[in-house]
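Hi everyone, thanks for coming. Please have a look at the model on the screen, and then I'll talk you through it.

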Amino acid sequence: MSAISPKNIAPPLLPGLSLPKLRDQVRRLERAHSAQRAGRRAVAINPQDAWAVHAVAHVLEMQDRTDEGIAWLDRYIPGLSVCNNFRFHTTWHRCLFYLEKGAGSRVLELYDREVRAESTPEYLDICNATSLL
């Protein structure tokens, strides 16, 4: 977190940044750390807590922790099969991690097998599917 403090920004860059925006980014990172800790605790209590699995995935995406995000979702998505169609959305997040790695063929495989394995009228499922194409 110290990497984005006013002390660590070279003077020519500082005038282009507003300090309130910089403070906002620091606050977001602090909240992300708290969210990750809370999400991991919730999953330790209940590995089928889809919202907690999802929250940790968001933090890992935000922090560009691609391999860790894939491993996280690979570990918990199988347990979400009982969680209505939200499991499709968590797989969509897994696809985003694979896109970051440039693994387009893996994304298409997951799309066919998991993201759109069944057609639903749910707007989130449709948005997820079309955004990958």
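I'll start with confidence, then go through rings, charges, one helix face and one loop residue.

First, the ground rules. This is a predicted model, where local features need pLDDT of at least 70, side-chain atom pairs count only at pLDDT 80 or more, and totals for chains, interfaces and linings use all residues. Residues are numbered from 1 along each chain as its sequence is written, and side-chain values use heavy atoms, with hydrogens and water left out.

So, confidence. pLDDT is the predictor's confidence in each residue, from 0 to 100. The protein chain has a mean of 81, with 78% of its residues at 70 or more. Helices here are DSSP runs of H or I with at least four residues, numbered from the N terminus. Confidence in the protein chain is highest in H3, at a mean of 96, and lowest in helix H1, residues 19–45, at 76. Over residues 9–16, pLDDT stays under 50, and the model has four contacts for them beyond four places in sequence; contact means heavy atoms within 4.5 Å. Where pLDDT is low, the predicted coordinates should not be read in detail.

Now the rings. How many aromatic pairs does the structure hold? There are two. The rule is that rings of Phe, Tyr and Trp (its six-membered ring) pair if their centres lie within 6.5 Å, with planes under 30 degrees apart counted as stacked, over 60 as edge-to-face and the rest as tilted. One pair is Trp51 with Phe86: the ring centres are 4.5 Å apart and the planes at 35 degrees, so this pair is tilted. Trp51 belongs to helix H2 (residues 50–62) and Phe86 to helix H4 (residues 86–100), so the pair ties together parts that are 35 residues apart in sequence.

Are these two buried or exposed? Buried means under 20% relative accessible area, exposed over 50%, and partly exposed in between, using a 1.4 Å probe and protein chains only. Trp51 is exposed, at 58%, while Phe86 is buried, at 12%.

Trp72 and Tyr76 also pair, with ring centres 4.6 Å apart and planes at 55 degrees, so that pair is tilted. Both sit in helix H3 (residues 66–76), and because they are four residues apart there, about one helical turn separates them. Trp72 and Tyr76 are both buried. Trp72 has a charged partner as well: the charged end of Arg40 sits over its ring, 4.7 Å from the centre. For that to count, NZ of Lys or CZ of Arg must be within 6 Å of the ring centre and within 35 degrees of the ring normal.

That brings us to charges. Side chains of opposite charge can pair when their charged atoms come close. A salt bridge here is a side-chain nitrogen of Lys or Arg within 4 Å of a carboxyl oxygen of Asp or Glu, and the count comes to eight. Take Asp74 and Arg94, whose closest N and O atoms are 2.6 Å apart. Asp74 is in helix H3 and Arg94 in helix H4, so the bridge ties together parts that are 20 residues apart in sequence. Asp74 is partly exposed at 32%, whereas Arg94 is buried at 6%.

Two further bridges are Glu109 with Arg106, at 2.8 Å from N to O, and Glu114 with Arg113, at 2.7 Å. Glu109 and Arg106 are three residues apart in helix H5 (residues 104–115), so about one helical turn lies between them. Glu114 is buried at 17%, and Arg113 is partly exposed at 44%. Bridges that share partners join Asp74, Arg94, Arg106, Glu109, Arg113 and Glu114 into one network. Leaving out residues up to four places away in sequence, Arg94 touches Leu73, Asp74, Ile77, Leu110, Arg113 and Glu114.

Next, helix H6, residues 123–132. Which residues are buried there? Asp125, Asn128, Ala129 and Leu132 are. Seen down the axis, they fall within an arc of 95 degrees, so they line one face of the helix; the arc is that of the directions from the helix axis to the C-beta atoms. Their cover includes H4 and H5.

Last, one for the backbone fans. Asp64, in the loop between H2 and H3, has a positive phi of about 55 degrees although it is not a glycine. Asp64 is exposed, with a relative accessible area of 58%.

Thanks, everyone!

Note on methods
Helices (H or I, at least four residues) and strands (E, at least two) are DSSP runs, numbered from the N terminus.
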